[in-house]
Amino acid sequence: MDAPFDQVGIDSLGLVEFIFDLEDRFGVRIDPNQSNDLKTLRDLTAHIDSLLAAKVTAAAEAA
Amino acid sequence: MRRVVVTGAGIVSPLGSDPDSFFANLLAARSGIRLLPGEPEVGLEPLVAGVVDFDPAPHFARPQAKQLDRISQFSLVAGRQALQNAELALNETGRERFGVSWGTGLGGIHAVEDAYISVYRDKTGRPRPLTVVMGMTNAAAGHLSMEFGLRGPTQTLSNACASSGMALGEAMHSIRHGYADVMLAGGAEALLTPGTMRAWQMMGTLATPDTADPARSCKPFAADRSGLVLAEGAVALVLESEDHARARGANILAELAGYGSASDASHLSKPDADGQVRAMHLALRDAGLNPDAIGYINAHGTATEVGDIAETEALRRVFGATPPPVSSTKALHGHLMGAAGAIEFLASLYALRQGILPPTAHLDQADPRCDLDYIANTPRNVAPIEAVLSNSFAFGGSNAVLVARRYR
């Protein structure tokens with residue numbers, strides 16, 4: 001979880017492709033500028049959690 | 001000048017996925033061509049094609065397969081086979097002098113077409129990020145170089161149907177002139193996408209599916225021919241300098257002795273006997289052989305009217321009154337486009353080694369304007385032959401001719 005992506009064999013392009021799949025899977029969009037700060041799987045899952053939470057909040061406010 | 005020999009072969013094709021069964025299927029006149037239903041919603045009419053039944057799962061882990069266009073998958077599987085067949089140990093040093101010479105017409109067109117579908121049809125604005133590196137024409141060559149650590153020259157030749165003939169010929173040059181000792185050479189094509197197939201249909205050169213038996217739809221040199229049949233696959237050969245092969249005690253299959261490359265400079269799609277004649281003369285001269293040394297010719301023979309007639313005329317002009325037996329194996333494996341030169345060179349190599357000539361299948365009655373000995377329908381045993389010649393003629397007017405010779 002805490003190993004940097006480049007140490008587990010995921011290079012920058014691999015990460016872009018991975019994020020692309022996750023965006024589709026969870027229906028979120030990750031700002032490319034922020035993706036540079038996502039160095040580990042923990043960073044990435046936390047970030048997606050926050051995006052999903054924001055989405056739920058936004059949906060609740062809209063309702 | 002160094003001699004160049006062939007020491008290994010690998011294949012992924014509609015007609016077998018190892019070299020021995022490929023050639024056995026040619027001799028048995030088994031067809032690798034079948035009817036596809038088409039896709040009415042995009043205007044794709046039913047058509048016949050040489051489709052490879054290919055499951056990536058035994059060859060690649062899932063994450064890797066996802067990052068490889070079909071053409072790169074074919075290429076890697078054929079490349080692995082060829083290197084195994086050549087018993088070339090890759091843990092040795094010296095791979096700075098091992099290279100790749102690969103031919104393809106359209107490259108990773110599945111990846112490109114998927115991206116266009118995503119952008120233009122589905123309006124996602126999100127083509128896959130790997131589209132660029134999966135679709136680029138040299139992706140397969142790059143993967144071959146990486147997978148086997150081949151750190152010498154890597155080159156991709158894209159000259160339509162002459163691509164892999166030229167890739168083999170130029171690899172031979174690289175070794176002859178000392179730029180490399182070993183070249184993994186050949187080509188691949190995987191263009192059976194709806195968009196590509198539909199574009200071919202619009203061009204009006206594809207064979208009409210044979211109503212009685214779609215597997216018999218490709219009929220080179222026949223009076224009832226109706227056009228070419230698209231196919232996919234990959235063929236890899238290991239080429240080595242004679243010294244390198246002998247030093248490691250390799251099993252030498254044949255000598256790649258001659259290569260001729262000449263252009264029509266006349267028309268983008270209409271074949272021209274003049275350019276074909278010059279390419280054949282160059283290949284023979286390069287091999288140091290007279291025409292009468294050739295015991296078998298694998299024709300380009302696509303089963304288009306203009307193509308079959310032009311090639312017949314060219315063969316008459318080069319070989320005179322009694323040309324050697326000629327066949328077009330495309331009747332059985334279809335037209336592999338960028339891989340055509342390599343698959344047909346492989347068929348020629350087997351004919352040379354085994355003294356059995358593969359037939360032109362589905363040839364019940366020849367077009368009267370095609371009057372050569374086409375080895376109709378059944379294979380022929382012959383006395384040992386000295387050399388074979390394989391033709392590849394391309395849209396764009398490039399002609400590539402290879403001559404293989406018995407090694408001694």
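The following exchange covers the fold of chain B, its sheets, one helix and two loop residues.

Trainee: What kind of model is this, and which values count?

Mentor: It is a predicted model: local features need pLDDT of at least 70, side-chain atom pairs count only at pLDDT 80 or more, and totals for chains, interfaces and linings use all residues. Residues are numbered from 1 along each chain as its sequence is written, chains are lettered from A and ligands numbered from 1 in the order in which they are written, and side-chain values use heavy atoms, with hydrogens and water left out.

Trainee: How do you know whether chain B agrees with a compact globule?

Mentor: Take the radius of gyration over C-alpha atoms; the globule rule is 2.2 Å times the number of residues to the power 0.38. For 408 residues that gives a value near 22 Å, and chain B has 20 Å, so the two agree. The C-alpha trace spans about 60 × 55 × 40 Å along its principal axes.

Trainee: How much of chain B counts as buried?

Mentor: Buried means under 20% relative accessible area, exposed over 50%, partly exposed in between (1.4 Å probe, protein chains only). By that cut-off, 61% of the 408 residues are buried.

Trainee: What share of the contacts in chain B is between residues 24 or more positions apart?

Mentor: A contact means heavy atoms within 4.5 Å. Among contacts with a separation of 6 or more, those pairs account for 77%.

Trainee: What makes β5(B) and β11(B) edge strands?

Mentor: Two strands pair if DSSP finds at least two bridges between them. Strands (E, at least two residues) and helices (H or I, at least four) are DSSP runs, numbered from the N terminus. The open sheet of ten strands has the order β5-β4-β6-β8-β1-β9-β15-β14-β10-β11 (chain B), with mixed pairing. β5 (154-157) and β11 (326-327) each have a single partner strand, so one side of each has no neighbour in the sheet.

Trainee: How many bridges join β14(B) to β15(B)?

Mentor: Seven, and the strands run antiparallel. B:Val388 has B:Ala404 in β15(B) as its bridge partner.

Trainee: Which strands form the sheet of three?

Mentor: The order is β2-β3-β7 (chain B), open and with mixed pairing. β2 (34-36) and β7 (230-231) pair on one side only, so they are the edges. β2(B) and β3(B) are antiparallel over three bridges, with B:Arg34 opposite B:Ala49.

Trainee: How do you know whether the span of α10(B) agrees with its 15 residues?

Mentor: The expected span is 1.5 Å times one less than the number of residues. For residues 273-287 that comes to 21 Å; the end C-alpha atoms are 21 Å apart, so it agrees.

Trainee: What does α10(B) pack against?

Mentor: Its buried residues, including B:Val277, B:Met280 and B:Leu284, pack against β9, β10, α11, β14 and β15 of chain B. At the N-terminal end, B:Asp272 is the cap: a side-chain oxygen lies 2.9 Å from the backbone nitrogen of B:Asp274. B:Gly288 follows the helix, with a positive phi near 70 degrees.

Trainee: Why is B:His362 called buried, and B:Ala29 partly exposed?

Mentor: B:His362 has a relative accessible area of 5%, so it is buried. B:Ala29 has 26%, so it is partly exposed. Each is a residue other than glycine with a positive phi: near 60 degrees for B:His362, near 55 degrees for B:Ala29. B:His362 lies in the loop between β12 and β13; B:Ala29 is in the loop between α1 and β2.

Methods: A polar contact is a pair of N or O atoms within 3.5 Å; within protein, one must be able to donate a hydrogen and the other to accept it, and residues adjacent in sequence count only if both atoms are side-chain atoms.
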